[in-house]
Amino acid sequence: MNHCEFCNLSEKDKNLLLYSNEYWEVFLADRQDYIARCIIVCKEHCPDISHLNDRAWLSLKSIITYFEKMISDEFQATMFNFSCLMNDTYKNEEANPHLHFHLRPRYAKKVKIGDKVFTDKEFSHHYNNKADIQIGEKEIEIIYKRLENYINCYNLKENDYGHYI
């Protein structure tokens, strides 16, 4: 099998793991072009959406629901952009797609992280894939800790129906 970025995550990337279950891992994106942007990665090397089983779909839906609520509660996100493009893998001579999704929170109002205030400059428009990164390592650590504390506080667990209890 060709090299797969998600099957071979660095230790630094693994440090941003927020949640893991039987089907998915959720990471705080190391590129925080949108505050609290997360990447939801299929644990199994799955090439596309059509290969997901029903339980993985239910689990994904529950993760999205939970993370949208959590990020809205913690950072007052107004809405979310959710994408599964997987275009970058096809820039390589031998493509090796691994199913993953980007969850981009969007903010109508300014958001304060630590001592800094951030603005979603493209709010109400398509997200900018090349948006300037306004968020540094210190702010990433603050965001991660707030999300981690939320998950620990509410003891995130899935039941047999893919719903959080």
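This is a short selection-by-selection tour of a predicted model.

**Stop 1: the largest nonpolar core**

Start by selecting Trp-24, Ile-35, Phe-67, Ile-71 and Phe-75. Within the largest nonpolar core, which has 40 residues, these five touch the most other members. Now colour the elements around them. Strands S1 (17-20), S2 (24-28), S3 (38-42), S5 (100-106) and S6 (111-113), together with helices H2 (54-75) and H3 (137-154), each give at least two residues to this core. Which element supplies the largest share? That is H2, with nine residues. As background, nonpolar side chains in soluble globular proteins tend to be buried together.

Next, centre the view on Ile-35 and show its contacts. Setting aside residues up to four places away in sequence, Ile-35 touches Phe-75, Pro-105, Tyr-107, Val-111, Ile-113, Phe-118, Ile-135 and Ile-143. Apart from the largest core there is another, of seven residues, including Cys-4, Leu-9, Ala-29 and Ile-39.

**Stop 2: a residue inside H2**

Select Ile-63, which lies in helix H2. Is Ile-63 buried or exposed? Its relative accessibility is 0%, so Ile-63 counts as buried. Add Ser-20 and draw a C-alpha to C-alpha distance: the two residues are 43 apart in sequence and 9.9 Å apart in space.

**Stop 3: where H2 meets H3**

Keep H2 on display and bring in H3. The two helices pack at an angle of about 120 degrees, and their axes are 10 Å apart. Because of that angle, H2 is oblique to H3. The crossing of H2 past H3 is right-handed.

To see the contact itself, select these side chains:

- From H2: Tyr-66, Phe-67, Lys-69, Met-70, Ile-71, Asp-73, Glu-74 and Phe-75.
- From H3: Ile-143, Arg-146, Leu-147, Tyr-150, Ile-151 and Tyr-154.

Colouring them by class gives ten nonpolar residues, four charged ones and no polar ones in the contact of H2 with H3. Some of these names are back from the first stop: Phe-67, Ile-71 and Phe-75 are among the residues that touch the most other members of the largest core, and Ile-143 is one of the contacts of Ile-35.

**Stop 4: two residues with positive phi**

Move on to Gln-76, found in the loop between H2 and S4. Its phi is near 60 degrees, a positive value in a residue other than glycine. Gln-76 is exposed, with a relative accessible area of 54%.

Then jump to Met-86, in the loop between S4 and S5. Met-86 also has a positive phi, near 55 degrees, and is likewise a residue other than glycine. Is Met-86 buried or exposed? With 13% relative accessibility, Met-86 counts as buried.

**Stop 5: Thr-89**

Stay with the loop between strand S4 (79-83) and S5, and select Thr-89 there. This residue is buried, at a relative accessible area of 16%. Which residues does Thr-89 contact, leaving aside its neighbours within four places in sequence? They are Ala-95, Asn-96 and Pro-97. For a long view across the model, draw a line from Thr-89 to Tyr-150: 61 residues separate them in sequence and 33 Å in space, C-alpha to C-alpha.

**Stop 6: Asp-132**

Finish at Asp-132, placed in the loop between strand S7 (116-118) and H3. Asp-132 is exposed, with a relative accessible area of 57%. Add Arg-31 to the selection: Asp-132 and Arg-31 are 101 residues apart in sequence, and their C-alpha atoms are 9.8 Å apart.

Terms used: Residues numbered from 1 in each chain as written. Predicted model: local features only at pLDDT ≥ 70, side-chain atom pairs only at ≥ 80, totals over all residues. Heavy atoms only, no water. Core = buried A, V, L, I, M, F, W, Y, C linked by side-chain atoms within 4.5 Å. Buried < 20%, exposed > 50% of the residue type's maximum accessible area, 1.4 Å probe, protein only. Helix = DSSP H or I, 4+ residues; strand = E, 2+ residues; numbered from the N terminus. Contact = heavy atoms within 4.5 Å. Axes fitted to C-alpha atoms, helices over the stretch in contact; angles between N-to-C directions. Parallel < 35°, antiparallel > 145°, perpendicular 65-115°, else oblique. Left-handed = near helix turned anticlockwise from the far one by under 90°. Nonpolar A, V, L, I, M, F, W, Y, C, P; charged D, E, K, R; others polar.
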